[in-house]
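Trainee: Could you walk me through this protein model, one feature at a time? I would like to learn how to reason from the structure.

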Amino acid sequence: MIFKTLAGKTSFVVLRLPQTFLFLLFIGSLGFGALFFLPETSRLKRIFQHNSDNSAVITDSVNGQSARPSSPIGYGLIGAAPLDIGVLRMKSQLSSSNGKQTNNNKESSQGTVSMQHTSEGDAADNKVHTRGVVVSSRARSPVRVKLRNCMLKPPYGANYGKPSDPESLQRREKVKEMMKFAWDNYKRYAWGENELRPLSRNGNDGRTFGGLRGASIVDSLDTLYIMGLGEEYQEAKEWVENNLNLKVGGEASLFEVNIRYVGGLLSAYYLTGEEVFKRKVVELGRNLLPAFNTPTGIPHGVVNLAGRSSGGDLGRSSVLAEFGTLHLEFVHLSELTSDPIYTEKVMNIRKHLNQLDKPRGLYPNALNPVSGNWEQHYVSIGALGDSFYEYLIKSYLMSDRTDEVAKRMYYAALEAIENNLVQRSPGGLIYVAEWRGGILDHRMGHLACFSGGMIGIGAEHGSPETRQHQLDLAANITHTCHESYRRTPTKLGPEVFRFDDGAEATAPRVNERQYILRPEVVESYMYMWRLTHDPKYREWGWEALEALERHCRLATGFSGIIDVYGHIIQHDNLQQSFFLAETLKYLYLLFSDDDLLPLKDWVFNTEAHPLPVIPRNCSQEREHIPNWTQ
Ligand code: DMJ
């Protein structure tokens, strides 16, 4: 008798006597590895692959329906966390490893995954996966075939991103430990609130999210999941299920709710296939629509989540980085609901921006939602502008490179940025200055450091003549951002660094010297590593990690610091939710192999929540295909 998983439950498969005999003979003479040489149709093989077969996300994205996944975990990344599955198989623990989370989670959350497994475990894992068995067994499921052809790709390849060199593996484990530490302290002192205040040992709710709570939980779901922190992921999921109340009546930032909550829930859904995330994100998405009730359809910055009014003040300008950072999530909301309204809303923004006159081809940061005109001519690739540019190139990539309008707008914007904002300092550092009505302000925000990664991922999709040039620009900007870290005693970078009055990537002004656990610099390291495999990016990431450990880690969680140049460290008492969503996730990916969330299949929203590329053959089957050519 052998245990088999069926529809997420353990059941038994009884082998009749002759089968049992043949089976034992086969195993006895060739060992367990022999199982993987059996033909595809082999019943024995099916028995031993219950985990993978039943871990499918059975999202039918063609008609927008979602069937229940047969396993609580979509692709089984936690259930089959790095090495767990191999070890479990080799130990013949088939009777208990039924794809349910509880058993496997225990192993992963206790930190036994990866680091402590022996080479026996490693070999077993490789044997299973590198022979393509998991993939081919999945392919047998009709649902998975549909899935594979349409929306989703597994978030990992053969090896779950496990790096082959021991140093990177050790570093990746360190990042995971930091995540667990940040999570445990949030849980202990601020559970259910938006963020942890580690010094005062309480929570911070603020007003940004209009009464929504648990920002750190929603922002952490996918990070916990990809790291194989199974128990923690489960706690987070249960909180979302039982406590994430979307019926709140406050005024929320449309941008922040979109990137953290909508992005976090979408990504959790696509990674795990858990219906609860879809239900929640669809409800939340609907609550955001009143923000678009303006004469131009350019949304307000704030929205009343109870839908009583559109929220926001028509007299206030809308910010480019806010209304320009909705596209990825809203297109996916249309995908999930089969309701084109979300795509229409963001396409309207796109259209409006596309047809507006732009000073020297640049996009100013503020627009009047009533007149639809620019409010001033202040341009920045950092605060107030940043993720608008990011979403242009990522919209193109997420559309499986069919969104030609986004592509054209991105490369035209980049050209204008290069012609007007990109500068070389006297010391030879390349930076992106800010522009105030034609006058350059020679400063660069930490936020602008995401642009190294953005320009890097865009490089290979532009014209072949500009490819190397753009890759060099990306590398140069990333280098400058690294310098802004390297030139401080803490080895963490300031909020703003300058290139005037003798400053070179340093922060002479006291009020610009804080580091609030932001991700942008390590984000660019991660992309540049993926694009070039130059080991310096991993070294730089490790330097940042060590500095975080030295200066930002307290006994009760992580905190930003007030002055990166200070010799006595003062903390700002806030563990930002983006530290868990982004900074630690990018570090983890930096030390992982490229088959964890491959960039050809996934795009990260601006809060580092991975969203799947929508393959063109998937869109073609849909009625509401957005018309990218308009
Ligand atoms: C995050 O919320 C997002 O990355 C956003 O795009 C910019 N600011 C923070 C992190 O610094």
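What follows is a short run of questions and answers on this predicted model.

Trainee: How many helices and strands does the protein have?
Mentor: Happy to start there, with the whole chain. Buried residues make up 63% of the 630 residues in the protein. As for its secondary structure, the count is 24 helices and 21 strands.

Trainee: What share of the contacts with a separation of 6 or more comes from residues 24 or more positions apart?
Mentor: Here we set aside contacts between residues with a separation below 6. Within the remaining contacts of the protein, residues 24 or more positions apart account for 70%.

Trainee: Are helix 10 and helix 12 roughly parallel or roughly antiparallel?
Mentor: Start with the axes of helix 10 (residues 215–227) and helix 12 (residues 254–272), which come within 9 Å and cross at roughly 30°. Angles under 35 degrees count as roughly parallel. Helix 10 is therefore, relative to helix 12, roughly parallel.

Trainee: How many nonpolar, polar and charged residues does the contact of helix 10 with helix 12 have?
Mentor: Helix 10 passes helix 12 in a left-handed crossing. The contact includes Val-218, Leu-221 and Tyr-225 of helix 10, and Tyr-261, Leu-265 and Leu-271 of helix 12 are among the residues that helix 12 brings to it. Asp-219 and Asp-222 of helix 10 also take part, as does Arg-260 of helix 12. By class, the contact has nine nonpolar, three polar and three charged residues.

Trainee: How far does helix 11 reach from its first C-alpha to its last?
Mentor: Helix 11 (residues 230–243) has 14 residues, and at 1.5 Å a residue the expected reach is 20 Å. Its buried residues include Tyr-233, Trp-239 and Val-240, and also Glu-232 and Lys-237. The reach in the model is close to the expected one, at 19 Å.

Trainee: Which helices do the buried residues of helix 19 pack against?
Mentor: Nine of the nine residues of helix 19 (residues 451–459) are buried, so helix 19 is largely enclosed by the rest of the structure. Among these buried residues are Gly-452, Met-454, Ile-455 and Ile-457. They pack against helix 17 (386–398), helix 18 (404–420), helix 20 (464–486) and helix 21.

Trainee: How many nonpolar, polar and charged residues are in the contact of helix 21 with helix 23?
Mentor: The axes of helix 21 (residues 520–532) and helix 23 (residues 577–590) come within 9 Å and cross at roughly 25°, and the two helices are therefore roughly parallel to each other. Helix 21 passes helix 23 in a left-handed crossing. Tyr-525, Met-526 and Trp-529 are among the residues of helix 21 that meet helix 23, where Tyr-586 and Leu-587 are among the partners. The residues of this contact divide into nine nonpolar, one polar and three charged.

Trainee: What is the relative accessible area of Tyr-160?
Mentor: Tyr-160 sits in the loop between helix 8 (142–149) and helix 9 (166–190). Most residues other than glycine have a negative phi. Tyr-160 is not a glycine, yet its phi is positive, about 55°. Tyr-160 is buried, and its relative accessible area is 3%.

Trainee: Does Leu-597 count as buried or exposed?
Mentor: Leu-597 lies in the loop between helix 23 and strand 20 (602–604). Phi of Leu-597 is near 50°, a positive value in a residue other than glycine. Buried means under 20% relative accessible area. With 0% relative accessibility, Leu-597 counts as buried.

Note on methods. Residues are numbered from 1 along each chain as its sequence is written. This is a predicted model: local features need pLDDT of at least 70, side-chain atom pairs count only at pLDDT 80 or more; totals for chains, interfaces and linings use all residues. Side-chain values use heavy atoms; hydrogens and water are left out. Axes are lines fitted to C-alpha atoms, for helices over the stretch in contact, and angles run from 0 to 180 degrees between N-to-C directions. Helices (H or I, at least four residues) and strands (E, at least two) are DSSP runs, numbered from the N terminus. Angles under 35 degrees count as roughly parallel, over 145 as roughly antiparallel, 65 to 115 as roughly perpendicular and the rest as oblique. A crossing is left-handed if the near helix is turned anticlockwise from the far one by less than a right angle, and right-handed if clockwise. Contact means heavy atoms within 4.5 Å. Ala, Val, Leu, Ile, Met, Phe, Trp, Tyr, Cys and Pro count as nonpolar, Asp, Glu, Lys and Arg as charged, and the others, Gly among them, as polar. The expected span of a helix is 1.5 Å times one less than its number of residues. Buried means under 20% relative accessible area, exposed over 50%, partly exposed in between (1.4 Å probe, protein chains only).
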